[in-house]
Amino acid sequence: MSNLIASTAPKARQLTPEEIHDIEHEKTHYPYAQAVGLEALKIVQKYQGWVSDESLLAVADYLKLPPDELEGVATFFNMIFRRPVGKHVILLCDSVACWMLGCDNLKAHISSKLGIEYGQTTADNQFTLIPVPCLGDCDKAPAMMVGDKTYRNLTPAKIDAILADCTARG
Ligand code: FES
């Protein structure tokens with residue numbers, strides 16, 4: 001029984017030379033390995049698209065951090081994706097200012113256009129829709145991020161143009 005459990009448990013993968021290079025670079029900015037944990041997870045996500053159990057264990061091994069502690073960091077920071085995501089991740093703000101200015105309608109618009117609910121990815125792996133707390137742009141609500149770009153004062157027409165642009169870029 002214990003062999004069965006051991007054989008199915010995720011194992012740390014090998015970090016790539018690029019990931020190691022970037023993590024080492026981040027380490028020069030922080031005094032302790034704990035402080036680098038979040039940045040290391042972001043680096044893995046940049047290269048892999050998301051943070052699998054195998055990746056999380058690899059980072060924990062590399063930084064000599066307890067995996068549970070790193071998992072806590074990943075859970076707390078909701079822009080670390082612990083499941084596969086689409087090529088374009090739509091982070092739609094659903095906090096108060098955006099909610100008052102109609103983010104629910106925008107969410108309904110995106111859902112009907114792409115056929116996905118929060119937490120889901122389109123069948124062609126192009127888009128994932130995720131709700132996020134305040135993006136810090138309340139004076140230009142409703143707001144959302146796609147990739148590292150923030151879009152403000154959203155309307156259904158603006159969203160159509162953003163999605164079309166993402167699709168055109170592939
Ligand atoms: S509430 Fe949406 S950006 Fe602040």
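Where is the place of Pro-142 in this protein? Pro-142 sits in the loop between E2 and strand E3 (144–146). The peptide bond that leads into Pro-142 from Ala-141 is cis, with an omega near -5 degrees. Keep that loop in mind, as we will come back to it after a look at the whole chain. One thing to know at the outset is that this is a predicted model.

## The overall layout

The protein has 170 residues, of which 24% count as buried. Its C-alpha atoms fill a box of roughly 50 × 40 × 30 Å along the principal axes. The secondary structure comes to 8 helices and 4 strands, and reading along the sequence gives the pattern α-α-α-α-α-β-α-α-β-β-β-α.

The chain is divided into domain 1, covering 2–76, and domain 2, covering 88–169. The centres of domain 1 and domain 2, taken over C-alpha atoms, are separated by 28 Å. What about contacts between residues at least 6 apart in sequence? Of these, 60% join residues at least 24 apart.

## Two nonpolar cores

Which residues have the most contacts inside the largest nonpolar core? They are Ile-90, Leu-92, Cys-93, Ala-143 and Met-144, in a core of 17 residues. Strand E1 (88–93), helix H7 (103–114) and strand E2 (127–132) are the elements that give two or more residues to this core.

A second core, separate from that one, has 14 residues, and Leu-15, Val-36, Leu-56 and Ala-74 are among them.

Ala-143, from the 17-residue core, deserves a closer look. Leaving aside residues up to four places away in sequence, Ala-143 touches Cys-93, Cys-98, Leu-135, Asp-137, Thr-150, Tyr-151, Arg-152 and Leu-154.

## Helix H4 and its neighbours

Now to helix H4, which spans residues 53–63. Its buried residues are Ser-55, Leu-56, Ala-58, Val-59 and Ala-60. Which helices do the buried residues of H4 pack against? They pack against helix H3 (33–48) and helix H5 (67–76). Leu-56 also belongs to the 14-residue core.

H3 contributes Ala-33, Val-36, Gly-37, Ala-40, Leu-41, Val-44 and Gln-48 to its meeting with H4, while H4 brings Ser-55, Val-59 and Leu-63. Just after H4, Lys-64 takes a positive phi of about 55 degrees.

## Two helix pairs

The packing of H3 with H4 can be set beside that of H7 with helix H8 (residues 156–169).

| Helix pair | Packing angle | Distance between axes |
|---|---|---|
| H3 and H4 | about 140 degrees | 10 Å |
| H7 and H8 | about 40 degrees | 10 Å |

How should these angles be read? At about 140 degrees, H3 and H4 are oblique to each other, because an angle has to be over 145 degrees to count as roughly antiparallel. At about 40 degrees, H7 and H8 are oblique as well, because roughly parallel helices need an angle under 35 degrees.

H3 passes H4 in a right-handed crossing, and the crossing of H7 and H8 is right-handed too. On the H7 side, Leu-106, His-109, Ile-110 and Lys-113 meet Pro-156, Ile-159 and Leu-163 of H8.

## Residues in the loops

Some loop residues have backbone angles worth a visit. Asn-125 lies in the loop between H7 and E2. Although Asn-125 is not a glycine, its phi is positive, at about 60 degrees. Is Asn-125 exposed or only partly exposed? With 13 other C-beta atoms within 10 Å, Asn-125 is partly exposed.

Asn-153 is found in the loop between strand E4 (149–151) and H8. This residue, also other than glycine, has a positive phi near 45 degrees. Asn-153 counts as exposed, because it has 12 C-beta neighbours inside 10 Å and the cut-off for exposed is 12 or fewer.

Finally, we return to the loop between E2 and E3, which also holds Asp-139. Asp-139 is exposed, with 9 other C-beta atoms within 10 Å. How many residues along the chain lie between the positions of Asp-139 and Ala-12? They are 127 residues apart along the chain, and their C-alpha atoms are separated by 43 Å.

Definitions and conventions:
Residues numbered from 1 in each chain as written. Predicted model: local features only at pLDDT ≥ 70, side-chain atom pairs only at ≥ 80, totals over all residues. Core = buried A, V, L, I, M, F, W, Y, C linked by C-beta atoms within 7 Å. Buried ≥ 20, exposed ≤ 12 C-beta atoms within 10 Å, placed from the backbone. Contact = placed C-beta atoms within 7 Å. Domains from an automatic or database assignment. Axes fitted to C-alpha atoms, helices over the stretch in contact; angles between N-to-C directions. Parallel < 35°, antiparallel > 145°, perpendicular 65-115°, else oblique. Left-handed = near helix turned anticlockwise from the far one by under 90°.
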